[in-house]
Structures are given as C-alpha cells and as structure tokens.
Amino acid sequence: MSGAQPETPLQRQRARTIFQKGAPGRRAFTCPALDVPAADPEELLPAQLRRREPPRLPEVSEPEIVRHYVSISKRNFDLDSGFYPLGSCTMKHNPRLHERAAALPGHARLHPLQDPARAQGALELMWRLQEALGEIAGLPHVSLQPSAGSHGELAGVLLTRAYHESRGESRTKVLTPDTAHGTNPATVTMAGLQVVKLATDEHGGIDLDDLRAKADGEVACLMLTNPNTLGVFDPNIEEIAAVVHGAGATLYYDGANLNAVMGFSRPGDMGFDIVHFNLHKSFTQPHGGGGPGSGPIAVSERIAPFLPVPLVVRREDGVFALEHDRPASIGRLRGFHGNYGCFVRAYAYICSLGADGLKDASENAVLNANYLLARLREAGVAEHLPLAYGELCMHEFVLSGGPMKRELKLKTLDLAKRLLDLGFHPPTVYFPLLVEEALMVEPTETETRETLDDFARAIAEILREAAQEGPEIAQNAPYSTPVRRLDEVAAAKRPVIRQAL
Ligand SMILES: Cc1ncc(COP(=O)(O)O)c(C=O)c1O
C-alpha cells in the first residue's frame with residue numbers, strides 16, 4: 001500500500017463544507033407565490049425571540065445538496081458496507097422489513113400528543129412490546145421510556161434509590177466491577193451516588209471475596225453485565241445474587257450483552273431486580289452516531305411501584321391507556337413516550353423471529369464468536385494476540401495486544417487502523433481497561449462464515465506484514481480512508497463541529 005497521494009481537485013471539492021459551496025442567491029427549491037394572506041410575524045413569534053437578520057444559511061442548488069450529503073455518507077464506514085465487529089456494540093444487521101414497518105405512515109407520522117383514544121394501535125404495540133420484553137427478562141413490569149442503555153441505567157439507579165428511601169434507608173454506594181462499561185460508573189455519579197469498584201477473578205468473573213468484603217449496609221445496588229465485557233458468563237451468579245440481596249441491596253442487570261443469552265437464561269431468574277435492554281443492539285436498530293436509541297427497563301414486583309410515568313397499560317375493558325397515577329413513581333425520564341420507531345422495529349424483530357428464533361440468534365452469536373476465535377488461533381494469531389480470559393467465549397471475546405506490542409512493535413491502535421485498509425471496521429480497542437492493549441471482538445450472528453474467515457485472515461496478514469516488512473506500515477495506517485490518523489483525544493474533548501463563517 002502506497003503512502004498519501006497528492007490531493008485531487010475532486011478531493012478538494014469534497015473536503016469543502018456546505019458553507020463553502022454554492023453562491024449568493026442560488027436555491028435548491030423555490031416556493032410558489034403566496035396565495036393566502038401573509039401571517040403577522042408578531043403573532044407567530046414575539047419580537048425579542050426573532051433574529052434581526054436572517055441566519056446565514058448555505059445557498060446551494062439541489063444537485064449540490066444531494067452530492068454534498070451523499071459524499072459525506074460515503075466517507076463513513078457503515079454496517080451496510082462491511083463487517084463491523086465492534087465489541088459490546090452488537091452491530092448486527094438491521095432487517096429491511098423492520099425499516100418498512102417503522103416507516104409506515106401510521107407509525108412514522110403519529111404525533112406524540114395524539115389522543116390515546118385515537119392511537120390505540122400504537123399503544124397496543126407498545127403494550128405488547130412491554131409484555132414480550134418482560135417475558136424475555138423474566139421480570140414482569142416494563143417501562144419503555146429510557147432512550148438509551150445509559151438512560152436505562154440512570155432509571156435503574158433512581159429506582160433503586162427510591163426503593164431504599166421507601167424503606168427509610170439511605171444507601172449511598174453502588175458496586176461496579178472493574179470490567180464495567182464506562183456508562184455504569186458515570187450513571188452512578190450522575191445520580192449522586194458513590195462508585196465502589198469490584199475486582200475481577202482469574203476466570204474473568206467477579207472476585208467473590210472482594211464482593212463479600214464490600215457488600216455492606218451502605219450498598220444500594222450492584223450493577224452487572226452477564227456475560228460481562230470480557231465475554232465471560234459469570235458462573236457464580238446465584239452466589240453473587242445471594243450476597244447482594246443478603247446485604248439488602250438490589251441487583252441491576254446491564255442488558256447490553258443480552259444478545260448472548262436470549263431464550264437461554266433470564267436476568268429475572270438469575271436474581272436481578274432491574275434490567276435494561278438496548279433495543280438498538282439486541283433487537284436490531286440502526287445505531288451509532290448518537291441515536292435514536294431505546295433502553296427500556298424491566299423490574300421485579302418490589303421495584304414496580306417506582307417505575308417512571310406514564311406507563312402503557314391495558315385496562316379491563318381492553319382499551320389501552322397511559323397511566324399517570326402512580327404516587328411512588330420516580331416521575332418522567334423524558335418528554336413524550338420514548339423513541340417509537342425503535343419500538344416498532346424491536347416488536348417486528350420479536351414477532352418475525354418468535355421465541356425459538358430469538359434463541360437461535362443468541363446461539364449463533366455465541367457460535368460465530370467462538371468460530372472466529374478458533375479461526376484466529378488456527379491462523380497463528382494467538383501467540384501475539386492471546387485471549388485475555390478463559391478458553392471459550394460467549395458472544396464476544398477480548399484479545400490482549402500486549403505480546404504484539406512487545407514483539408512486533410504494533411499497538412492495538414495500529415492493528416485497528418490497518419484493518420480499515422483491508423475493508424473491515426476495527427473491533428473495540430482499549431476496553432475493558434483491565435486488559436493490556438485490549439481488542440474486543442463481537443462478530444454477531446448475522447455474519448457469514450466467509451466474512452469471519454476473511455477477517456481472521458486479515459488479522460493474520462497484518463501480523464505477518466509487521467513481522468516481515470516492519471511495523472511502520474501499520475503504524476502509519478490507514479491509507480485508504482478520507483482522513484488518516486486523527487487526534488482522537490482532541491476530537492473528543494475539543495470538537496470543532498462548525499465551520500467559522
Ligand atoms: C456493556 C454496556 N453497557 C452499557 C452501554 C450503554 O448503552 P448506550 O450506548 O445505549 O447508552 C453499552 C454501550 O455501549 C455497553 O456496551
């Protein structure tokens with residue numbers, strides 16, 4: 001692969017922002033002349049809220065707009081163009097049937113303030129989705145309100161707090177394993193509680209001694225992902241539940257990894273009190289880039305009185321309604337009722353697969369991950385990228401790039417960037433934090449065997465290239481993408497999201 005090529009006029013043109021394109025007076029659309037009396041601006045918006053001058057908007061033709069957005073869309077890597085094994089994110093295929101269902105005018109154009117009497121179909125869909133999710137979780141009471149996994153976590157911590165307060169207890173600590181997703185401790189802090197870290201044992205599960213030592217009367221809850229972010233299902237889950245409940249605390253299930261166990265084990269049966277689902281992961285939704293997501297929660301009997309309002313209920317006469325009258329509720333978590341398009345897609349997924357299909361999906365997710373792991377071992381990758389914990393995995397696995405860094409001078413980041421040149425989105429890197437140079441791979445059930453084989457070959461090829469031709473090629477990758485290495489820390493901390501005019 002050669003280095004950077006000189007910039008072509010076409011590349012320069014594509015690099016321009018929409019504000020740098022067009023010309024004064026150019027228009028993409030011309031409105032017909034007004035044939036009704038013009039509205040009085042004063043009546044529409046009070047003067048103090050109006051701009052003195054119109055905003056400076058781009059002035060471009062329709063073809064310029066279309067080319068602008070199409071070209072931006074092509075500059076990104078997406079699931080519809082290639083393998084996207086981003087660990088923990090479950091980037092599985094989004095069936096087009098669900099997109100069609102969500103786009104039906106009756107769904108897509110429904111107004112959130114529609115009178116419930118005239119939105120019975122939508123409310124029924126939401127109610128049926130609640131019932132299905134309750135069954136999948138093994139916890140009967142469901143709220144669809146939270147808009148992301150992390151939002152579900154916040155709901156869960158607030159519910160836990162409300163539960164303890166209702167018993168006259170003020171518990172301030174939340175236990176999170178050191179494998180936890182960053183949103184878990186962040187949520188706890190946001191809710192005003194204190195994070196207490198739990199150690200991981202040599203098998204990748206919770207260190208039971210550490211748990212026993214820390215589970216005291218100040219602990220409100222333990223937040224746990226099972227299987228966890230190492231791709232390990234904790235075999236001690238019953239013991240963990242007993243210790244946590246014995247201390248009077250609740251058990252919260254971060255359901256981001258539910259894709260591994262649907263139909264096999266239910267968080268409620270494992271002893272969890274509160275669960276969030278990531279509909280945008282396990283239940284096929286387009287995600288990434290910030291939304292829209294959906295993170296419903298399911299809870300046990302003792303937590304149910306505190307659920308957010310309104311709840312979607314079916315009254316005895318069969319009419320669906322929004323129930324606001326719940327005196328112990330933690331209140332509303334957002335405006336309106338949740339991301340409805342996500343509900344339609346998730347419900348379509350559940351209906352089209354059925355109980356057996358969901359189970360198959362999980363089984364194949366685990367099979368695909370183990371198949372890929374075996375192919376990587378077969379390709380001789382394990383010497384430089386060993387599995388961090390255990391021998392087998394659930395739906396994802398974490399490799400350690402420590403030996404690769406020491407022996408081949410390749411960091412995990414270099415490997416990830418080089419993968420882009422070979423046509424693959426990199427796996428998650430540097431997470432979980434307790435694994436040196438972590439590479440977290442989640443292939444998902446919707447990938448073919450050929451794709452998994454190609455990916456294993458690509459990793460082996462990058463290692464071979466570094467060993468035989470030196471690490472510099474990967475260290476300077478990628479070569480084929482619209483932008484090369486970015487300062488990712490600066491991009492996250494000081495994002496420049498608009499062009500100075
Ligand atoms: C294990 C785990 N927990 C929680 C979350 C948070 O979910 P969301 O991104 O929907 O807020 C994620 C998502 O990346 C995750 O992987």
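This is a working chat about the domains, contacts and backbone details of a predicted model.

Me: How is the chain divided into domains?
Reply: In this predicted model, the chain is split into domain 1 (9-73), domain 2 (97-352) and domain 3 (355-488).

Me: And how far apart are the centres of domain 2 and domain 3?
Reply: Their C-alpha centres lie 30 Å apart, and the contact takes 28 residues from domain 2 and 20 residues from domain 3.

Me: What area do those two bury between them?
Reply: Domain 2 and domain 3 bury about 1800 Å² between them, and 66% of that area is on carbon and sulfur atoms.

Me: Which three residues of domain 2 supply more of its buried area than any other three?
Reply: Those are Leu230, Asn259 and Phe264, which together supply 30% of the area that domain 2 buries against domain 3.

Me: What about charges, how many salt bridges cross that interface?
Reply: The rule finds 0 salt bridges across the interface of domain 2 and domain 3, although 5 residue pairs are in polar contact between these domains, counting pairs with both residues at pLDDT 80 or more. On the side of domain 2 that touches domain 3, the classes come to 13 nonpolar, 12 polar and 3 charged residues.

Me: OK, how many salt bridges does the rule count in total?
Reply: The count comes to 29 salt bridges, one of which joins Arg266 to Glu135, with the closest N and O atoms 3.3 Å apart.

Me: Where do Arg266 and Glu135 lie?
Reply: Arg266 is in the loop between β5 (250-255) and α11 (267-270), while Glu135 belongs to helix α6 (residues 120-137), so this salt bridge ties together parts that are 131 residues apart in sequence.

Me: Switching to rings, how many aromatic pairs are there?
Reply: By the rule there are 9 aromatic pairs, and the one formed by Phe83 and Phe424 has ring centres 6.2 Å apart and planes at 85 degrees; because an angle over 60 counts as edge-to-face, this pair is edge-to-face.

Me: Which parts of the chain does that pair tie together?
Reply: Phe83 sits in the loop between α3 (62-74) and α4 (96-103), and Phe424 in the loop between α15 (412-421) and β11 (428-429), so the two rings link parts that are 341 residues apart in sequence.

Me: Now the backbone, which residues does a cis peptide bond join?
Reply: One cis bond joins Asn226 and Pro227, with omega about 5 degrees, and Pro227 has its place in the loop between β4 (219-224) and α10 (237-246). A cis peptide bond also joins Val309 and Pro310, with omega about -5 degrees, and Pro310 is found in the loop between β7 (297-299) and β8 (311-314). As background, most peptide bonds are trans.

Me: What is the phi of Tyr430, and is it positive or negative?
Reply: Tyr430 has a positive phi of about 60 degrees although it is not a glycine, and this tyrosine lies in the loop between β11 and β12 (438-441). Most residues other than glycine have a negative phi.

Terms used: Residues are numbered from 1 along each chain as its sequence is written. This is a predicted model: local features need pLDDT of at least 70, side-chain atom pairs count only at pLDDT 80 or more; totals for chains, interfaces and linings use all residues. Side-chain values use heavy atoms; hydrogens and water are left out. Domain bounds come from an automatic or database domain assignment. Contact means heavy atoms within 4.5 Å. Buried area is the accessible area (1.4 Å probe) that two parts lose on being put together, summed over both. A salt bridge is a side-chain nitrogen of Lys or Arg within 4 Å of a carboxyl oxygen of Asp or Glu. A polar contact is a pair of N or O atoms within 3.5 Å; within protein, one must be able to donate a hydrogen and the other to accept it, and residues adjacent in sequence count only if both atoms are side-chain atoms. Ala, Val, Leu, Ile, Met, Phe, Trp, Tyr, Cys and Pro count as nonpolar, Asp, Glu, Lys and Arg as charged, and the others, Gly among them, as polar. Rings of Phe, Tyr and Trp (its six-membered ring) pair if their centres lie within 6.5 Å; planes under 30 degrees apart count as stacked, over 60 as edge-to-face and the rest as tilted. Helices (H or I, at least four residues) and strands (E, at least two) are DSSP runs, numbered from the N terminus.
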